[in-house]
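Work through the exercises below with the model open beside you. Try each task before reading its solution.

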Amino acid sequence: MPKPTGFAARSILGAMLLLAFSTTPLAAAPLPPATAVDGALDIADLPRLPELLGTDVSGQEESSRIPFAQRYQAVHHGGIVRAANSSITCRAARSGSAAACSSVQQGAAGTNGDYDMHYIDDDDDPNTYNSSRAEIALPGNSTVTYARLYWGGNLRAGEQKPPEDNGRVLIAEQGGQYQQVLADTAIAHRDADGMDAFQASADITPLVRRAGSGLYTVAQINVAMGNSKAGTWGGWTLVVAYENSAEPLRQLSVWDGFEALDTSRTTHEITLPGLRIPARATGSAGIVSYDGDRGHQGDSVSVRTDTGEAFALRDAANPATDLMNSTISGPGRAITRQPAYPNTLGYDSDVFDIGPALASGGTGLTFRFTAEDPGYHLGALFVQADTRR
């Protein structure tokens with residue numbers, strides 16, 4: 001199958017042209033003027049752009065905590081699909097009690113702090129140091145109404161990555177060239193408890209609307225490699241809302257923020273109000289989180305309507321008491337991704353059936369997240385549910 005091709009710009013102007021959409025920017029923050037740098041620039045210089053240009057090209061403020069808020073909502077016939085993958089995996093065990101790296105990658109229990117972690121680099125471009133792929137599979141005759149890319153990871157392990165690079169990544173649609181994406185909202189960045197964790201995101205609707213279904217490659221996520229007690233992790237999720245007249249009328253909601261759950265804060269609730277859910281409705285919910293450890297009990301999520309009982313999310317890949325267990329799963333068949341490690345060693349992007357919670361209908365949904373030591377970082381929540389006018 002086609003792979004994204006590499007590129008090298010021999011002047012700052014050439015680099016800017018290749019790192020942007022032809023006429024539509026991927027984010028609101030523009031790159032500085034071409035006169036800021038004298039000489040050649042290519043993709044290998046991207047990590048040094050703040051130094052070279054004297055500014056943070058993401059243009060966004062950082063915050064250690066971002067309360068969850070609604071990013072997108074719509075009522076129409078259609079739904080939500082997503083692509084996701086991790087950006088780093090194990091290379092060798094650093095603990096005598098740890099399973100072999102190859103066994104963990106194939107699904108055995110294991111946590112990132114027990115391994116020397118190394119970048120996934122699945123493309124054929126020597127200028128990228130991490131890259132992975134996953135498929136957006138839109139139903140036929142669908143129109144993309146919204147697409148947001150989330151990415152994040154840990155900056156500190158055997159090395160310390162500069163936070164100035166948190167707000168940009170590269171993306172390529174199937175067969176296309178890389179284009180730079182800049183964060184278009186506040187960047188979550190929390191330096192605590194031996195971790196230096198972040199999440200950023202950007203609206204990339206024009207790209208996905210034009211490119212449609214296919215494998216998307218995301219590269220250059222700012223993630224540290226190596227080993228530390230806290231471990232390292234990283235990955236990305238592309239959430240895509242679409243309209244399709246052949247599907248049920250649904251309420252589509254995308255919420256995001258950055259909330260740390262651990263021993264000092266073991267629960268968190270997010271309520272989606274203003275819904276019109278009929279009795280016996282169907283629906284699903286997707287969750288993006290960071291640093292969930294497989295085999296550590298106590299991480300769970302329940303959902304309820306304002307008229308119904310709480311339903312504990314779970315499926316074959318995600319036990320109810322170990323929900324944040326380093327998986328990319330659901331709904332139905334597994335999404336196509338390269339590589340497709342069952343244990344991502346710290347990155348979760350899962351979609352769950354929430355139909356049992358919708359049986360009585362209602363006007364709101366409340367998600368309750370719980371955690372036990374060592375906890376996790378919650379980054380995004382996206383929901384589709386049958387509705388009525």
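**Exercise 1. Give the strand order of the open five-stranded sheet, and find its edges.**

Solution. Keep in mind that this model is predicted.
- Step 1. Read across the open sheet: the five strands run in the order 8-7-11-5-19. Their pairing is antiparallel.
- Step 2. Look at the two ends. Strand 8 and strand 19 (337-338) each have a single partner strand, so one side of each lacks a neighbour in the sheet.
- Step 3. Move inward to strand 7 (residues 168-172) and strand 11 (residues 214-219). They pair in the antiparallel sense over three bridges.
- Step 4. Fix the register with one residue: alanine 172 stands opposite threonine 217 in strand 11.

**Exercise 2. Locate the disulfide and determine its hand.**

Solution.
- Step 1. Count: the structure holds one disulfide.
- Step 2. Identify the partners. Cysteine 90 is joined to cysteine 101, with an S to S distance of 2.1 Å. That fits the cut-off of 2.5 Å.
- Step 3. Place them. Cysteine 90 sits in strand 3 (residues 88-93) and cysteine 101 in helix 3 (residues 101-105). The two are 11 residues apart.
- Step 4. Take the torsion about the S-S bond. It is about 90 degrees, so the disulfide is right-handed.
- Step 5. Check accessibility: cysteine 90 and cysteine 101 are both buried.

**Exercise 3. Analyse the salt bridge between arginine 148 and aspartate 184.**

Solution.
- Step 1. Start with the total: a search of the whole structure finds 15 salt bridges.
- Step 2. Take this pair. The closest N and O atoms of arginine 148 and aspartate 184 are 3.1 Å apart.
- Step 3. Map the partners. Arginine 148 belongs to strand 6 (residues 143-154), while aspartate 184 is in the loop between strand 8 (179-182) and strand 9 (187-192). The pair therefore ties together parts that are 36 residues apart in sequence.
- Step 4. Classify each side. Arginine 148 has a relative accessible area of 3%, so this residue is buried. Aspartate 184, at 23%, counts as partly exposed.

**Exercise 4. Set the aspartate 193 and aspartate 386 salt bridges side by side.**

Solution.
- Step 1. Aspartate 386 pairs with arginine 250, the closest N and O atoms being 3.8 Å apart.
- Step 2. Aspartate 386 lies in strand 22 (residues 376-386) and arginine 250 in strand 13 (residues 249-261). They are 136 residues apart, and the pair links distant parts of the chain.
- Step 3. Both aspartate 386 and arginine 250 are buried.
- Step 4. Aspartate 193 pairs with arginine 190, at 3.7 Å between the closest N and O atoms. Aspartate 193 is exposed, with a relative accessible area of 56%.
- Step 5. Add a network: salt bridges link Arg65, Glu259 and Arg265.

**Exercise 5. Is threonine 111 buried or exposed, and which residues does it contact beyond its sequence neighbours?**

Solution.
- Step 1. Threonine 111 lies in the loop between helix 3 and strand 4 (115-119).
- Step 2. The relative accessible area of threonine 111 is 14%. The limit for buried is under 20%, so threonine 111 is buried.
- Step 3. Leave aside neighbours within four places in sequence. Threonine 111 then contacts Asp293, Arg294, His296 and Leu345.

**Exercise 6. Find the hubs of the largest nonpolar core.**

Solution.
- Step 1. The largest nonpolar core has 37 residues.
- Step 2. Leu149, Trp151, Ile204, Trp236, Leu238 and Val240 touch the most other members.
- Step 3. Another core, of 29 residues, lies apart from it, and includes Phe68, Ala285, Ile287 and Phe367.

Terms used: Residues numbered from 1 in each chain as written. Predicted model: local features only at pLDDT ≥ 70, side-chain atom pairs only at ≥ 80, totals over all residues. Heavy atoms only, no water. Helix = DSSP H or I, 4+ residues; strand = E, 2+ residues; numbered from the N terminus. Buried < 20%, exposed > 50% of the residue type's maximum accessible area, 1.4 Å probe, protein only. Salt bridge = Lys/Arg side-chain N within 4 Å of Asp/Glu carboxyl O. Contact = heavy atoms within 4.5 Å. Core = buried A, V, L, I, M, F, W, Y, C linked by side-chain atoms within 4.5 Å. Pairing = 2+ DSSP bridges.
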